[in-house]
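Subject: Structure for you, with notes

Hi,

Here is the structure I promised to pass on. Please open it first, then read the notes below with it on screen.

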Amino acid sequence: MTASEIRALFAVASRPEVVSLAGGMPYLSALPLDVVGATIGNMINERGAVALQYGSGQGDPQLREQILDVMAPHQIEAHPDEIVVTTGSQQALDLVTRIFVDPGDVVVAEAPSYVGALGVFSSYQAEIAHVPLDDDGLIPEALDETLTALRRAGRRVKLLYTVPNYHNPAGVTLSAARRPRILEIAERHDVLIVEDDPYGLLGFDGDPLPALRASSSEHVIYLGSFSKTFSPGVRVGWAVAPHAVREKLVLASEAAILCPSAFSQLTVSTYLETHDWKHQVGLFREMYRERRDAMIEGLEECIPQARRTHPQGGFYVWVTLPEGLDSKAMLPRAVTERVAYVPGTAFYADGQGRRHMRLSYCYPTPSRIREGIRRLATVVNAELELQETFDSRPGARPGGPGPRAGVQSPGPEIT
Ligand code: PMP
C-alpha cells in the first residue's frame, strides 16, 4: 500500500481559491440539515438505548427491510436475510476481497476503475487485469477474451469488479443490451461478479436499468451505499450476497469491526422512515444534472480538443486529452492556475491513463465549474503551445518519467 505522489498536492488543492474538480464529495448543503438534526434528536430520545449500544453483525433488521425498498428501482428482489449492512460499501469491498482473494489471484476490473477498489485489491495482493470499456460500459468481447486468456495461462480469476451505473471515474453506463451478455460470460467462466452501485439512484433521465443482480442471485454480489443519496459521514452501505457468501461476510465483518454502527444505522433508518427521501434524491438529481450541464458546456466551449464522456448520472466526466499531453505532469501547473482534477493514472493498476483525467461536477456550483474549466483550458492550451514549440525542434520532445505501475491512494476525499 502506498500513498500517491499527488496526495500532497491535494492538500493545496483544498484551499478555497482553488476550484476543485477532483473530489468525489456529495453536495451535502442540499440536505435539509435542520430536519436531519431533529430526526437524530428524536431518534436518540426514543431509541437511544438501542442506537448507542452494540448491534447485530449483519445489521439492523428494520434497516435491512428498508434497503429492499431502496433497491426496488433496480428490480432487485431479495430477502432481508440476504443483506449485510457494512461501514460504507468500501468495507463490503474489503470483506468480499478478504473472503475470496489469495495473494496472486486475479481480479478483473474495468479500465479505468474506482481507485478505492483497486486499493483494496492490491492490499490483498491480487493481480488486477483490466478490461476496456467504451461509452456503453464494459466491452463483452474484451471481457470474454481476457477471461479466456487468463484461464489458458492457468490463472485463478476470483472476481469481476464492475460499476455498471454512472461509472467512477468514466461516467459511462453499461447498456441494457450488454447486461445479459456480461452475466453470461461471467457465468460461463465461473467468475463471481461484484456489482458496485453507489450512484444507481442518481440518474438524470428515466428509470434505472435493471441491476445485474436482478437476473442472477447466485453469480452476483451487489453493493449499495447511502453515501451519495444521503450522507457519506454515516458510513452505511450494504452487500446483497448469495447465502453461503453472506454467512462468511457476517463472520468477516464481526472479526473486523464486531458490528456496523448502530447509531448510524438507526439514523439512516429513521431518516428513511420519517422523511420523503425519494423527493430528496430527486432534488440531488436535478442539482447534479445542472452541474453536469455546466461542465459539458464549459468543456465544449473552452477545451474542444479534448474528448469526453457524457454521463447520464452520477458525479464524473472522463476526459481524454490530445495526444502527447500528460495529465499527471500537468497537475502542478493546474494547481498553480487554481484548478484541480484527478490524473487518469490513479484509476489503473498498470500505469496507463496519462492522457486522461477525471473531472467531478458534484461539489462546486455551476459558476465555479465554468470558472474551473476556463482555468483548465488555460493550462491545456499552454501545454499544447509548449508541445508545438518542442515538436518543431528535432529530437527535443518533452518527456516525463515513464508509466509507473502500482496502485496508489490519493486520499479519501477524492475517491
Ligand atoms: N464504490 C464506488 C464506485 C465509489 O465511487 C465509492 C465512493 N467514492 C465507493 C464505492 C465507496 O463508498 P462508501 O464507502 O462511502 O459507501
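Helices and strands here are DSSP runs, numbered from the N terminus; a helix is at least four residues and a strand at least two. By that numbering, H189 sits in the loop between α7 and β8 (192–196). One caution before going on: this is a predicted model.

**H189**

Start with this histidine. Is H189 buried or exposed? It is buried, because its relative accessibility is 13% and the cut-off for buried is under 20%. Setting aside neighbours up to four places away in sequence, H189 touches D144, L147, T148 and R151.

**The ligand site**

Next, the ligand. It occupies the largest pocket. There are 15 residues around it, and S89, D196, Y199, S225 and S227 come nearest. Which element gives the most to this shell? Helix α4 (residues 88–100) does, with three residues.

Three polar pairs are worth a look:

- Y199: a side-chain N or O atom is 2.6 Å from an oxygen atom of the ligand.
- S227: a polar side-chain atom lies 2.6 Å from an oxygen atom of the ligand.
- Q90: here the backbone takes part, with an N or O atom 3.0 Å from an oxygen atom of the ligand.

How much of the ligand does the protein bury? Taken alone, the ligand exposes 400 Å². The protein buries 96% of that.

**N168 and its loop**

Now go to N168. It lies in the loop between β7 (157–162) and α7 (178–188). N168 counts as buried, because its relative accessibility is 2%. Its contacts beyond four places in sequence are S113, Y114, V163, Y199, Y316, F347, R358 and T415. Y199 is thus on two lists: it touches N168, and it is among the residues that come nearest to the ligand.

What does the side chain of N168 pair with? It makes a polar contact with the side chain of R358, at 2.9 Å. A polar atom of the N168 side chain also lies 2.9 Å from the backbone oxygen of T415. As for Q90, it is 78 residues from N168 along the chain, and their C-alpha atoms are 14 Å apart.

The backbone in this loop deserves a check. Most peptide bonds are trans, and most residues other than glycine have a negative phi. The bond from N168 to P169 is cis, with omega near 15°. P169 is in the loop between β7 and α7. Y166 is placed in that loop too. Its phi is positive, near 50°. Y166 is buried, with a relative accessible area of 7%.

**Two more backbone points**

The peptide bond from A111 to P112 is also cis, with omega near 5°. P112 lies in the loop between β4 (106–111) and α5 (115–123).

Q75 has a positive phi, near 60°. You will find it in the loop between α3 (61–71) and β3 (83–86). Is Q75 buried, partly exposed or exposed? It counts as partly exposed, because its relative accessibility is 48% and that class runs between 20% and 50%.

**L95, in helix α4**

Back to the helix from the ligand shell. L95 is in α4. L95 is buried, with a relative accessible area of 0%. Which residues does L95 contact, once those within four places in sequence are left aside? They are T86, L249, A252 and S253. V120 is 25 residues from L95 along the chain, with 9.5 Å between the two C-alpha atoms.

**D326**

Last stop. D326 is in the loop between β12 (316–320) and α12 (327–336). It counts as buried at 14% relative accessibility. A polar atom of the D326 side chain lies 3.1 Å from the backbone nitrogen of A329.

**Where to look again**

If time is short, view the ligand in the largest pocket. Then view N168, with its R358 contact and the cis bond to P169.

Best wishes

How values were computed. Residues numbered from 1 in each chain as written. Predicted model: local features only at pLDDT ≥ 70, side-chain atom pairs only at ≥ 80, totals over all residues. Heavy atoms only, no water. Buried < 20%, exposed > 50% of the residue type's maximum accessible area, 1.4 Å probe, protein only. Contact = heavy atoms within 4.5 Å. Polar contact = N/O pair within 3.5 Å; in protein donor to acceptor, adjacent residues only side chain to side chain. Near = heavy atom within 4 Å. Areas by Shrake-Rupley, 256 points an atom, 1.4 Å probe, with all protein chains shown as cover. 1 Å grid on protein atoms, 1.4 Å probe; cavity = no way out; pocket = protein on both sides within 12 Å on 5 of 7 lines; lining within 4 Å. Sits in = over half its atoms within 2 Å of the grid points.
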